[in-house]
Amino acid sequence: MSKSNVEPHLIVVFGATGDLFHRKLLPALFRLVKRRAEPVPYRILGVARRGDLDDASFRMLCAKALESAGVAESDSARAPFLAALDYQTLQDGVEDSYRSLAERIDALETAHRLPHNRIFYLALPPQAFPATIAGLGAVGLNRSAGFTRLVIEKPFGRDLATARELNALVHTAFEEPQVYRIDHYLGKETVQNLFVFRFANALFEPIWNRDRIEHVQITVSEELGVESRAGYYEQAGALRDMVQNHLTQLLCLTAMEPPAQFEADAIRNEKVKVLRSIAPISEDDVVFGQYTPGNVDGAQVRGYLGETGVAPESKTETFVALKLAVSNWRWQGVPFYLRTGKRMPKRLSQITVSFRCPPVSMFQPFNTCVLSSNQLVITVQPDEGFDLVFEVKAPGDSMTMRSQRMQYRYHEHFETLPDGYETLLRDVIVGDQTLFVRADEVEKSWELFTPVLERARAVHGYAAGSWGPAAAERLVVSEDHRWVQR
Ligand SMILES: NC(=O)c1ccc[n+]([C@@H]2O[C@H](COP(=O)([O-])OP(=O)(O)OC[C@H]3O[C@@H](n4cnc5c(N)ncnc54)[C@H](OP(=O)(O)O)[C@@H]3O)[C@@H](O)[C@H]2O)c1
């Protein structure tokens, strides 16, 4: 996030025939290379089990992927980028196959005069992580004369035990400073802007605490249903898929203390402290939901149980709402509400900070209006920016008030926002771990949510196109709050 010098390097992507590589990583790598002020020698080696590909046919696949990502054939950066791509077949779990990979890496580094700076990116299904990590370690690809970094995609474990097991396996071959656990939400500009917003503006920090803040809401909603991912989603559900990682990261950045330095471990220490301060989540503070048939954006859609690949009696949650208590000096008594769901009215990632009302309303005698609280609404996506909601006097004779918003939108001030993966890949290349999840952080998060996953649960239906089950209302109403739906 802060360092800028890029050394020559080789990126090895495992899962190079997959969706993530073609749709996200490849276009992000292209933009990253194109944006560099000075050219830096690099190669990208795609690895997968598929045996019918060679360098030439792999480059053709990649050319199509770039085209789908909007890179024009006439773009002068395209041909040299494609020429820097190579392909290697690998059978996971077969040691000889990793030996061949090591030889190929050596050959590429020699041919292109690259120092031994290596990045291994696991864009693989999670079941393939262990064999790949062990394979790299077995043939000595976990160390080199330059730097060696390991990037691991989500999901990192499916509960506390599996996350600990995976961390232990990673640490048999790699040291923690070599490991970059991805949460792509952290790559988003608006999420990183939370640091600046909170710690570079004297206006907000003095009121960012229990004295001035009434409650905080974090909503990540999707219009889409499960689509073609039922195989994965049936085993995961919304809590594992969204809450344990993305929403928890947003909560940590909202609630953390200012770090002593703007430096990866100082920041990650503060995030872990937030997780340690969260009280165990009681059964009454969680609501699970599952979408039923309904209407989204004018179209009638199926319920979750009618989706292809979903078990007829499935209890998998497509919605979760939770109330969390961050029990520390700054936040004691301030509820943090987290909510995520599929098939909701719109796609939205938003943090709403509701401030306390003035202690006395001198306006009450004049009319019947009730003061609403000021709010700061930080929109992570889409339409990135923030809104400040405050009261004004409505013009006219009577003292009537109206809530108004002051808006800031990124796109009105900056031409382009880099994609999250572009930011994260740049940080891996320069060795900045600030935006990556540390081993203890991922375990603390699972420690919090694993008991919730293991408890028997009621799953409430909600119509597709609604903001979730009615039961989710009771979480907030019991505290005299309301969900914010903007
Ligand atoms: N797609 C996204 O937008 C997205 C977003 C966030 C996170 N992720 C994460 O990124 C990872 C990859 O996702 P993806 O969508 O790219 O998956 P995918 O389309 O299914 O691709 C998986 C890739 O892994 C390779 N592979 C190697 N060993 C494998 C094994 N044992 N089983 C199955 N495939 C194996 C596959 O190629 P061969 O079969 O030829 O080996 C293929 O290249 C997952 O962990 C996912 O959770 C994806």
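Trainee: In which sense do β7 and strand β12 pair, and over how many bridges?

Mentor: β7 and β12, the latter covering residues 335–341, run in the parallel sense and are joined over six bridges. Keep in mind that this is a predicted model. For a single rung of that pairing, take V220, whose bridge partner in β12 is T340.

Trainee: In which sense does β7 pair with strand β13?

Mentor: That pairing, with residues 348–355, is antiparallel and extends over eight bridges. I218 is one residue to look up here, with I351 as its bridge partner in β13.

Trainee: How many of the nine residues of β7 are buried?

Mentor: To read burial, count the other C-beta atoms within 10 Å of a residue's own; 20 or more makes the residue buried. In β7, residues 213–221, eight of the nine residues are buried, so the strand is largely enclosed by the rest of the structure.

Trainee: Now a helix. What span should α2 have, and what does the model give?

Mentor: Allow 1.5 Å a residue, counting one less than the number of residues. Helix α2 has 14 residues, 55–68, and should therefore span 20 Å; its end C-alpha atoms are 20 Å apart, in agreement.

Trainee: Which residues of α2 are buried, and which are exposed?

Mentor: The buried ones are F58, C62 and L66. Viewed down the axis of α2, these buried residues fall within an arc of 80°, so they line one face of the helix. The exposed residues, on the other side, are A56, S57, M60, K64, E67 and S68.

Trainee: What covers the buried residues of α2?

Mentor: The cover includes two helices, α1 and α3 (78–83), and two strands, β2 (42–48) and β3 (85–89). Look also just after α2, where G70 takes a positive phi of about 90°.

Trainee: Is L448 buried or exposed, and what is it in contact with beyond its neighbours within four places in sequence?

Mentor: L448 lies in helix α11, residues 439–454. With 20 other C-beta atoms within 10 Å, L448 is buried. Its contacts, once those neighbours are set aside, are L275, I278 and I281. L448 and I281 are 167 residues apart in sequence, yet their C-alpha atoms are 7.3 Å apart in space.

Trainee: Last, the ligand. How many residues surround it, and which are the closest?

Mentor: There are 21 around the ligand, the closest being G15, G18, L20, R49 and R50. By class, this shell has nine nonpolar, five polar and seven charged residues. Helix α1, residues 19–35, gives the most to the shell, with three residues.

Technical notes
Residues are numbered from 1 along each chain as its sequence is written. This is a predicted model: local features need pLDDT of at least 70, side-chain atom pairs count only at pLDDT 80 or more; totals for chains, interfaces and linings use all residues. A residue is near a molecule or strand if its C-beta atom, placed from the backbone, lies within 6 Å of it. Helices (H or I, at least four residues) and strands (E, at least two) are DSSP runs, numbered from the N terminus. Ala, Val, Leu, Ile, Met, Phe, Trp, Tyr, Cys and Pro count as nonpolar, Asp, Glu, Lys and Arg as charged, and the others, Gly among them, as polar. A residue is buried if 20 or more other C-beta atoms lie within 10 Å of its own, exposed if 12 or fewer, and partly exposed in between; C-beta atoms are placed from the backbone. The arc is that of the directions from the helix axis to the C-beta atoms. Two residues are in contact if their C-beta atoms, placed from the backbone, lie within 7 Å. Two strands pair if DSSP finds at least two bridges between them.
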